[in-house]
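The following exercises are to be worked through with the sequence and the structure in view. Each task is followed by a solution in steps.

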Amino acid sequence: MTLTYIDWLIMLVYFAFVLGIGFALKRYMRTSNDFFLAGRSIPAWVCGLAFISANLGAQEVIGMGASGAKYGILTSHFYWIGAIPAMCFVGIFMMPFYYGSKARSVPEYLRLRFDEKTRALNAFSFAFMTIFSSGISMYAMALLIQRLGLFHGIVPDAYVFHVSIVLSAVIVLGYIFLGGLTSAIYNEVLQFFLIVAGFLPLVWIGLRNVGGWSGIRHTLPATMTQSWHGMAHASTNTLGVEWVGLTMGLGFVLSFGYWCTDFLVVQRAMAADSELSARRVPLIAAIPKMFFPFLVILPGLIAVSIGSHASATAAGTPTAAVMPLDQQHPHGIIPQKIDPITAQPVLDANGVPVYDYDLAIPTMLLHFFPTGMLGLGLTALLASFMSGMAGNVTAFNTVWTYDIYQAYINKRASDAHYLWMGRMATIGGIVLSIGAAYLATSFNNIMDALQLVFAFVNAPLFATFLLGMFWKRTTGHGAFSGLVAGTFGALVHHGLTIPAGYAPGIHGGWLNIVHTYPSDMAQNFWTAIFAFTINLLVTVGVSIASEPRPEPELVGLVYSLTPKPVEEHLEWYQKPATLALAVLGMLVILNLVFA
Amino acid sequence: MGLDIRIPLGLIFLAIGGIMTLFGIATHGDAALYERSMGVNLNLAWGIVMFAFGAIMFFIGRRQKWQDDPVNPRPWETKAKAKPRH
């Protein structure tokens, strides 16, 4: 691929702004509060856009485009079922405790509500996870730059991967080091608008090419264009999951575990200028989130629709019955997977070529965008990778400084010292992410790998928060033992089950194979369901057996003991609950349209 | 925070939109270049849209003046403001 000076110019403008924002904000970073919490002074709409952008990293744009091409419109469940209800819940019910308790982080809320050990467990596992996620973003970005040949002719080919890693690390480090969370949030807002600006014309021109949505429906099998088609049984849909696993595993456990407890996103809401704003943040975020499938999943569907007008041939061939469901559709412009070592196309066990779905969106950009517009498209892509990293790095530096360093290493330092430590943690976090990026190479599908990590760490977590916030009897011992048991349960479940078609190992079954799931997605969802249930039961059991905390200590931390947020001065349409109902109404309509 | 996000947001869209518009005008009628985008001059069309969006954001952002965090004025700052500057 050859880029012209105009493409480079557009990318340079973006990088100049990214670092410029850091420099412009540097003078406002005077206390640790400014650096880690943006001084709690950001308007709701800015936090709302940052809330979804922070999550819109590599696994979203590349992973969702890939899943769109592979599985079809079903992928939008990750947005609809898998995000919107949880975002409404955290805004309406949980934000008053996060924001109102004056906790500076999610682990700190756990210390206020439960005890030190529960906080420590959460802080350490969360810190690990942010590093891992940030590393994956970095790795995906470097790999993509290498595959697209972006630096071809500028940097020797053998060094492209390493140069990309170092460049992205230096830029992200630069703007967070200077402007802290505010800088990350502001850049996430820029990135949000750039993604929309870069992908909207892609969808428009792509749809024109394939004859609109009706053209796609004509080309692709019904399993790919109807979001609820065949969800009654795992064998009749491309995800290999039945509706119980989907709604309980993804829609409830994983999604609530992520959106309601993950400090990466909650931190954005905690930066809002008031409790009312903080409650509105996830609700405002839910509106664009709902329509993002049309920006990131639809290009994947368009990519497989291009130039293939013969869905009947795939379904009619005698081999169709033995092929996995996701192979039974046209591949459009998706390139074949190339072995990086031998430079030969990769073939599966049956000798059928393997397609590289992760390249769905980049291929679309190259296919449709002329010079100039291509620069913008690539800028949008790079922006999403960087904000995915930055979101994790800001969450990491806060948890490290407040919940690990201040809690266990140096309790009585000056505020200036913690501010300094935050900057050092930013450097440390980036260095560790680089290490994680080099480790991440053994995973094939980025999103599946992340779901696996979330299942172990996040899935049991939501039970702890749910009980902690809504059942005053929950104790610290209960929460801690529940969390440990939940994570352990997830591990054991993963070790005892395996998705069909995999050898025991990283995909599961490393203890013994008790059950075989139709797909790795189904295994992930059920791992989460098990982890959540075990945590719930153990927490309740141990809480009943242990000494409860006196009620006055729990005011502001538990639902039944906290005064309800005052909303009398608000008109009905200004209330967060009204916004949440409107969001849920739109969600139902979208699901009906694409059912 | 003192910097209104709409100012840099407006500026980046003005800059990128402007570059694309100019490039779109310069390459207008270049059929080979726009063959990929099905004959549509995306640079010109989308550049104008982005430029307009940037202009709106920039002017809305400018209406609100840069100000230091009003919620939390630091004691030394209020003193400094009270003193006449020489």
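**Exercise 1. Describe the contact between chain A and chain B: how many residues does each chain contribute, and which class prevails on the side of chain A?**

Solution.
Step 1. The contact draws on 33 residues from chain A and 26 residues from chain B. The structure examined here is a predicted model.
Step 2. On the side of chain A that touches chain B, at least two residues each come from α1 (5-26), α8, α16 and α17 (373-409) of chain A.
Step 3. The most is given by α8(A), which supplies ten residues to this side.
Step 4. Sorted by class, the side of chain A that touches chain B has 25 nonpolar, seven polar and one charged residues. The nonpolar class therefore prevails, since Ala, Val, Leu, Ile, Met, Phe, Trp, Tyr, Cys and Pro count as nonpolar and 25 residues on this side belong to that class.

**Exercise 2. Determine how helix α8 and helix α16 of chain A pack against each other, and state which residues make the contact.**

Solution.
Step 1. Two packed helices are described by the angle between their axes and by the distance between the axes.
Step 2. For helix α8 (residues 160-210) and helix α16 (residues 360-368) of chain A, the angle is about 75° and the axes are 10 Å apart.
Step 3. Angles of 65 to 115 degrees count as roughly perpendicular, so α8(A) is roughly perpendicular to α16(A).
Step 4. From α8(A), the contact is made by A:L202, A:I205 and A:G206; from α16(A), by A:M364, A:L365 and A:F368.
Step 5. By class, this contact of α8(A) with α16(A) has five nonpolar residues, one polar residue and no charged residues.

**Exercise 3. Characterise the overall fold of chain A: which elements does it contain, and how does its radius of gyration compare with that of a compact globule?**

Solution.
Step 1. Chain A contains 23 helices and two strands.
Step 2. A compact globule of 595 residues would have a radius of gyration near 25 Å; chain A has 23 Å, which agrees.
Step 3. Along the principal axes, the C-alpha atoms of chain A fill a box of roughly 70 × 55 × 50 Å.
Step 4. Of the 595 residues of chain A, 58% count as buried.
Step 5. Among contacts in chain A with a separation of 6 or more, 81% join residues 24 or more positions apart.

**Exercise 4. Locate A:K117 and decide whether A:K117 is buried, partly exposed or exposed.**

Solution.
Step 1. A:K117 belongs to helix α7 (residues 116-148) of chain A.
Step 2. A residue is buried if 20 or more other C-beta atoms lie within 10 Å of its own, and exposed if 12 or fewer do.
Step 3. A:K117 has 17 C-beta neighbours inside 10 Å and therefore counts as partly exposed.
Step 4. The C-alpha atoms of A:K117 and A:A582 are separated by 40 Å, and these residues are 465 residues apart along the chain.

**Exercise 5. Assess the confidence of the model: where in each chain is the mean pLDDT of an element lowest?**

Solution.
Step 1. The complex receives an ipTM of 0.86 and a pTM of 0.87 from the predictor.
Step 2. Chain A has a mean pLDDT of 84, and 91% of its residues reach 70 or more. Among the elements of chain A, helix α15 (residues 311-316) has the lowest mean pLDDT (40), and helix α6 (residues 106-113) the highest (92).
Step 3. Chain B averages a pLDDT of 78. In chain B, confidence is lowest in helix α3 (residues 75-82), at a mean of 48, and highest in helix α1 (residues 6-26), at 93.

Definitions and conventions: Residues are numbered from 1 along each chain as its sequence is written. Chains are lettered from A and ligands numbered from 1 in the order in which they are written. This is a predicted model: local features need pLDDT of at least 70, side-chain atom pairs count only at pLDDT 80 or more; totals for chains, interfaces and linings use all residues. Helices (H or I, at least four residues) and strands (E, at least two) are DSSP runs, numbered from the N terminus. The radius of gyration is taken over C-alpha atoms; the globule rule is 2.2 Å times the number of residues to the power 0.38. Two residues are in contact if their C-beta atoms, placed from the backbone, lie within 7 Å. Axes are lines fitted to C-alpha atoms, for helices over the stretch in contact, and angles run from 0 to 180 degrees between N-to-C directions. Angles under 35 degrees count as roughly parallel, over 145 as roughly antiparallel, 65 to 115 as roughly perpendicular and the rest as oblique. pLDDT is the predictor's confidence in each residue, from 0 to 100.
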